[in-house]
Structure formats: C-alpha cells, structure tokens
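Colleague: I would like to learn how to read a protein model one feature at a time. Could we go slowly, with the general idea before each case?

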Amino acid sequence: MANAIKLINDGDIQFVDTTVKNHLAANKGRRGARADALEPGSGYFFARELEYIYAETLKADIPEPNFSKLFDIDSSPREGQKSYTQRLYEPTGKADIISNMADDLPRVNVVKREETRDIHYMGDSYGYSVQDIMAAQFAGDPLDATLGEAAREAIERGHNDLCFFGSPEHKIWGVLRHPYIPRYLFSEQIGAGATDVDAIIDQINAMINAPNRITKTVAVVDQLALPPAEFDYIHQTRITDTLGTIAEFILKAHPGLTMHKCWELDADLNDGVALAIAYRKSPTNAKYVAPTVFRQLPVERRNLEFVTNCIGVSGGFYSPKPLHICVGELVRPA
C-alpha cells in the first residue's frame with residue numbers, strides 16, 4: 001500500500017472498525033436489520049454495513065501528495081485550537097580558543113521572534129440518497145466507496161496547496177511565499193536553450209550551498225526540489241560519456257542529497273516564474289502544521305440523503321529556521 005496511509009490517524013480506523021463490529025453484533029440475525037438503517041440517525045451504520053465505506057476511505061491507496069513527501073507533518077497543536085505560536089530563531093556567536101579558564105568565554109545568543117498564526121478548517125462532503133441505498137440493497141452491491149476517496153483526496157490537495165502556496169487571504173504562509181526564506185536568482189537557463197552546462201552546475205551548486213553560506217556552515221542541504229522540466233533536463237543531459245548526467249555529477253558533489261520532481265514549482269503556478277527549493281529535511285527546520293489531515297464526521301440525514309461531512313485542519317507551512325532554506329527563481333526563455 002502506498003505511504004498515503006501515514007496521513008491518516010490510526011485511531012480513526014480503529015474507531016470505525018469497532019463501531020462496525022458492534023453494530024453488526026447488535027443486529028445479528030435480526031430480521032429487517034438493513035431496512036432499519038433508513039431510520040433517522042442510523043444512516044451512519046448503514047454506510048458501515050455496506051462495505052465499510054468510512055474504513056475503506058481511510059485505507060484507500062491514494063497517491064501521496066508532495067507536501068507529505070517533502071516535509072514532516074506537525075500535528076502537535078490540539079484539535080480545537082484557534083491559533084498557535086511560530087518561533088523563528090537563529091543562533092549567533094561562535095566558540096573560540098580560550099586563554100583564561102575563568103572569564104574570557106565568548107558569548108552566544110539566539111535571535112528569536114514569535115508570531116501567532118491562525119489555524120483554519122477546510123471541508124467537503126459526499127452523500128448517498130435513499131434511492132442509492134435501496135438500489136444497492138436490492139442488487140446486493142456495495143455502495144460506491146470512491147465518493148469518500150474523492151473527498152479525502154480533495155482535502156489532501158487542499159493541504160498541499162496551503163503548504164506550497166499558502167493563503168494570503170487567511171494569512172497562511174506557504175514555503176514558496178514565506179517572507180523570511182532567502183531567494184537565489186539564477187542567471188543561466190536550465191534547459192535545452194542553455195549555453196553552458198558548467199554554468200548550470202555552478203548555479204545549482206551555489207543554490208544548494210546558499211543556506212550553508214548564509215548561516216556560516218550551520219545549515220547543510222540534503223533536499224533539492226525542481227520543476228518537472230528542469231528535473232528531467234538535468235537527469236537526461238550528459239556532461240560527457242565519462243562524467244554522466246548533470247544530476248549524477250551534482251549528487252556526487254553533495255553526498256546524501258535527494259532530488260524531487262515537484263509540479264508545484266512550475267512557472268504557471270508561480271506568477272510566471274519557475275522555482276526550486278533547497279533545504280534540510282527535519283521537523284526542526286521545515287514542517288507543515290496539520291492538527292488533523294483528514295477526518296470524516298458522523299453521517300447526517302438530510303431529507304432523502306445521507307451526507308458525510310469531512311474536514312481537515314491546517315496551520316500552514318512553518319520553518320523555525322527559515323535561513324536554512326533557499327528558494328531559487330529559475331530562468332526560462334521569454
């Protein structure tokens with residue numbers, strides 16, 4: 001199964017499974033038990049009885065979105081919180097050789113600022129009409145579980161957009177719009193129109209080394225994300241037969257580096273400017289705040305339909321150390 005399951009709270013699956021078992025046990029051998037599911041308030045159990053819709057939605061093999069591939073997820077804020085505090089800090093000072101063991105130790109400090117960020121809810125829903133339920137019962141077929149999967153996928157896409165792009169309207173920061181993350185401006189195109197392969201390598205190396213240079217060797221980059229076109233180019237373009245591709249050369253120069261193809265970095269989604277990201281993957285460096293990634297609420301009966309509301313809770317992208325990240329602005333032909 002794909003890694004997407006890690007986005008779902010195991011407690012949610014256990015709750016659903018237990019609820020289903022209890023309901024089936026209570027109705028075992030009871031004549032007309034399925035028809036009773038159309039009574040007010042019991043549509044939730046009907047959905048469980050027919051192929052465990054909720055559980056299938058949670059366990060669905062949905063492709064993992066990039067926000068959870070590239071960044072750690074911080075679920076430490078409690079459900080119900082309206083805000084949380086972001087602490088951004090950088091250490092200052094350095095150790096030195098001492099000549100007097102008593103009183104000449106250099107002083108270090110931490111430059112810190114705090115900002116309170118709001119936590120926001122997003123939601124969608126899916127439902128089954130009484131006709132859908134009775135038709136499924138008549139035919140002996142399960143209800144369509146893909147409706148729940150679509151609802152989950154839509155909310156995960158919402159998290160993905162907030163992680164990368166944020167929401168100025170709701171004052172949510174995304175990694176690509178973060179006000180404190182430095183920018184590196186490329187001067188050489190990474191593509192078929194490039195005039196010098198060595199210049200491409202030099203610029204990618206400079207971007208990877210930028211956090212290290214800014215923080216005086218404290219930050220070491222181990223992740224590089226590029227738009228699809230640039231990612232494909234450096235992996236398919238050879239320097240020479242002996243040195244291999246541009247990507248192979250860069251990976252040898254930076255042991256431990258992982259490269260990602262990331263469609264969110266394409267120019268069409270970023271005001272016409274293709275972007276790249278270089279950073280160290282660590283929850284102390286870069287993370288996405290999500291007290292709840294996805295949750296299905298108990299079903300509601302609305303006239304002749306049973307509706308399941310779904311929610312996700314987001315606090316946006318959070319970097320305690322924004323100088324340890326670099327966003328590159330790539331050059332593309334006009």
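Colleague: Let me begin with a single residue: where is the place of Pro-227?

Modeller: Before the answer, a word on the source: this is a predicted model, in which local features need pLDDT of at least 70 and side-chain atom pairs count only at pLDDT 80 or more, while totals for chains, interfaces and linings use all residues. Residues are numbered from 1 along each chain as its sequence is written, and side-chain values use heavy atoms, with hydrogens and water left out. To place a residue, we look for helices (H or I, at least four residues) and strands (E, at least two), which are DSSP runs numbered from the N terminus. Pro-227 sits in the loop between strand E6 (223–226) and helix H9 (228–236).

Colleague: Is Pro-227 buried or exposed?

Modeller: The scale has three steps: buried means under 20% relative accessible area, exposed over 50%, and partly exposed in between, with a 1.4 Å probe and protein chains only. Pro-227 has a relative accessibility of 0%, so it counts as buried. In the protein, 48% of the 334 residues count as buried.

Colleague: Which residues is Pro-227 in contact with, leaving aside its neighbours within four places in sequence?

Modeller: Contact means heavy atoms within 4.5 Å, and by that rule the partners of Pro-227 include Cys-262, Leu-265, Asp-266 and Arg-332. The C-alpha atoms of Pro-227 and Ile-277 are separated by 9.6 Å, although the two residues are 50 apart along the chain.

Colleague: Cys-262 is among those partners, which makes me wonder how many disulfides the count comes to.

Modeller: A disulfide is a pair of cysteine sulfur atoms within 2.5 Å, and by this rule the count comes to zero. For Cys-262, the nearest cysteine sulfur is that of Cys-163, 9.1 Å away. Cys-262 is buried at a relative accessible area of 0%, and Cys-326 is buried at 2%.

Colleague: How should I read a pair of helices that pack together?

Modeller: Two packed helices are described by the angle between their axes and the distance between the axes. The axes are lines fitted to C-alpha atoms, for helices over the stretch in contact, and the angles run from 0 to 180 degrees between N-to-C directions. Here, helix H8 (residues 197–214) and helix H10 (residues 246–253) pack at an angle of about 40°, with their axes 11 Å apart. Angles under 35 degrees count as roughly parallel, over 145 as roughly antiparallel, 65 to 115 as roughly perpendicular and the rest as oblique, and H8 and H10 are therefore oblique to each other.

Colleague: Which residues make the contact of H8 with H10?

Modeller: Among them are Val-197, Ile-201 and Asn-205 of H8, together with Phe-249 and Ile-250 of H10. His-254, in the loop between H10 and strand E9 (258–261), touches Asn-205, Ile-208 and Asn-209, not counting residues up to four places away in sequence. His-254 is buried, with a relative accessible area of 13%.

Colleague: Which value of phi does Lys-171 have?

Modeller: Lys-171 has a positive phi of about 60°, although it is not a glycine. Lys-171 lies in the loop between helix H7 (146–165) and strand E5 (183–185) and is exposed, at 61% relative accessibility. Asn-303, also not a glycine, has a positive phi of about 55°, and with a relative accessible area of 71% Asn-303 is exposed.
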